[in-house]
Amino acid sequence: MKPLEQLVRPNIWSLAPYSSARDEYSGKEAHIFLDANENPYNEPYNRYPDPLQRELKAQLSKIKGVPVENIFLGNGSDEAIDLAYRIFCEPGRDNVVSIAPTYGMYKVCADINNVECRQVLLDEHYQMEAGKLLAACDVHTKIIWLCSPNNPTGNSLNRDEMLKVVEGFDGIVVVDEAYIDFAQQLSLRQELPAHPNLIILQTMSKAWGSAAIRLGMAFASKDIINIYNKVKYPYNVNLLTQQQASEMLRDPFEVDKTVKVLLQERARLMLAFQELPICQQVFPTDANFFLARMSDAQKIYDYLVERGIIVRNRSRIQLCDNCLRITIGTRSENNELVAALRQF
């Protein structure tokens with residue numbers, strides 16, 4: 001890995017961050033707050049939230065096995081994705097490399113930040129080759145994006161190949177593990193101490209069933225997290241989100257129960273799809289969704305929309321021609337989907 005100072009944009013490295021009122025007295029007890037121009041009434045919503053989400057990070061640290069200083073929390077994983085571009089990539093000069101097909105926000109954020117995104121196609125099994133990704137890099141490549149389990153394909157990427165990328169690249173490697181709780185493969189979080197160029201993304205949106213609160217997590221070296229905290233908006237995670245996330249984290253075993261039910265439903269729904277005459281192939285998955293190649297994806301998609309059933313047509317995505325992406329719902333929702341498709 002190059003020294004972090006060489007990877008971070010010079011203006012970001014020298015940036016003097018905004019100092020919020022809550023930062024300035026950090027570590028001291030206080031009971032009268034006349035520093036932040038807040039309304040003294042309507043507690044607790046009249047006060048700005050903890051800008052560093054300390055209590056929430058302490059809970060996450062115990063569950064994830066990652067020290068507090070190695071955790072960044074954002075407004076969904078999308079904030080952590082966008083900040084990576086703003087921290088490391090000089091607009092109009094630097095580039096990033098990603099697998100394809102994959103989560104669309106890597107490319108969207110690249111376009112927003114005026115950064116070239118070089119996409120390397122997966123093979124016919126939706127797997128990556130480290131050598132091909134590394135070959136796509138040049139001296140201006142700052143980030144490589146990996147997503148495992150991948151979206152929209154659903155499969156976990158080969159762990160050894162991912163580590164080859166991390167070890168063979170002198171820039172930043174981001175591994176998006178939004179769906180890791182549904183997978184057999186272990187998270188790469190425990191690899192962080194050995195790989196200071198690694199950033200792991202996770203979320204409360206999927207297995208934790210909390211997409212509405214918009215809480216994303218980034219795990220990385222203390223030095224990288226410090227830069228994230230320097231660049232982020234002062235109060236990027238609101239109080240309601242922090243409170244709801246904290247409540248969810250008090251009983252992580254409930255999440256395990258939900259994941260088990262969803263995995264059982266996933267197996268049942270995939271088997272039902274394999275028996276449909278209009279389904280040509282169901283791809284292996286490690287997520288709470290699966291990809292299915294259909295006889296006419298657009299026609300089937302339109303048919304389902306007319307019946308109030310919404311799936312995702314991924315036909316326009318590379319290597320996903322005529323494919324629908326099916327999220328696992330409740331048993332009754334899944335039954336209604338299959339019943340409608342049997343009548344197509």
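A salt bridge here is a side-chain nitrogen of Lys or Arg within 4 Å of a carboxyl oxygen of Asp or Glu. By that rule, a search of the whole structure finds 18 salt bridges.

The structure is a predicted model, in which local features need pLDDT of at least 70 and side-chain atom pairs count only at pLDDT 80 or more, while totals for chains, interfaces and linings use all residues. Residues are numbered from 1 along each chain as its sequence is written, and side-chain values use heavy atoms, with hydrogens and water left out.

**Exercise 1. Find the salt-bridge partner of arginine 9, and decide how accessible each of the two residues is.**

Step 1. Start at the side chain of arginine 9, which meets that of glutamate 90 in a salt bridge of 3.9 Å, N to O.

Step 2. Place both ends on the chain. Helices (H or I, at least four residues) and strands (E, at least two) are DSSP runs, numbered from the N terminus. Arginine 9 sits in the loop between α1 (4-7) and α2 (10-13), and glutamate 90 in the loop between α5 and β2 (95-100), so the pair links distant parts of the chain, 81 residues apart.

Step 3. Apply the accessibility classes: buried means under 20% relative accessible area, exposed over 50%, and partly exposed in between, with a 1.4 Å probe and protein chains only. Arginine 9 has 15% and is therefore buried, whereas glutamate 90, at 24%, counts as partly exposed.

**Exercise 2. Compare two further pairs, arginine 159 with glutamate 191 and glutamate 247 with arginine 250.**

Step 1. For arginine 159 and glutamate 191, the N to O distance is 3.7 Å. Arginine 159 belongs to helix α8 (residues 159-168) and glutamate 191 to the loop between β5 and β6 (198-203), 32 residues apart.

Step 2. Both ends are partly exposed: arginine 159 at 23% and glutamate 191 at 21%.

Step 3. For glutamate 247 and arginine 250, the closest N and O atoms are 2.7 Å apart. Glutamate 247 is partly exposed at 45%, while arginine 250 is exposed at 55%.

Step 4. To finish, look for a network: Arg93, Asp94 and Lys142 are linked by salt bridges.

**Exercise 3. Which residues of α4 are buried, and why do they line one face?**

Step 1. In helix α4 (residues 54-64), the buried residues are Leu56, Lys57, Leu60, Ser61 and Lys64.

Step 2. Look down the axis of α4: these residues fall within an arc of 140 degrees, so they line one face of the helix. The arc is that of the directions from the helix axis to the C-beta atoms.

Step 3. Turn to the other side of α4, where Glu55 and Lys62 are exposed.

Step 4. Now see what covers the buried residues: β1 (71-75), β6, β7 (215-219), α9 and α10 (239-249) are included. Contact means heavy atoms within 4.5 Å.

Step 5. Just past the helix, glycine 65 takes a positive phi of about 70 degrees.

**Exercise 4. Repeat the analysis for α6 (residues 105-112).**

Step 1. Tyr106, Cys109 and Ala110 are the buried residues to mark in α6.

Step 2. Down the axis of α6, the buried residues stay within an arc of 105 degrees, so they line one face.

Step 3. Their packing partners are α5 (76-88), β3 (116-121), β4 (141-147) and β5 (172-176).

Step 4. After α6 comes asparagine 114, with a positive phi near 55 degrees.

**Exercise 5. What surrounds cysteine 147?**

Step 1. Cysteine 147 lies in strand β4 and is buried, with a relative accessible area of 2%.

Step 2. Beyond its neighbours within four places in sequence, cysteine 147 is in contact with Ile99, Thr102, Tyr106, Leu157 and Asp176.

Step 3. The C-alpha atoms of cysteine 147 and tyrosine 103 are separated by 7.4 Å, although these residues are 44 apart along the chain.

**Exercise 6. Describe the largest nonpolar core.**

Step 1. A nonpolar core is a set of buried Ala, Val, Leu, Ile, Met, Phe, Trp, Tyr and Cys residues joined through side-chain atoms within 4.5 Å. The largest has 75 residues, and Met128, Leu146 and Phe273 have the most contacts inside it.

Step 2. Helix α11 (residues 252-274) gives the most to this core, with 7 residues.

Step 3. Apart from this core lies another of 33 residues, among them Cys109, Val174, Leu201 and Ile225.
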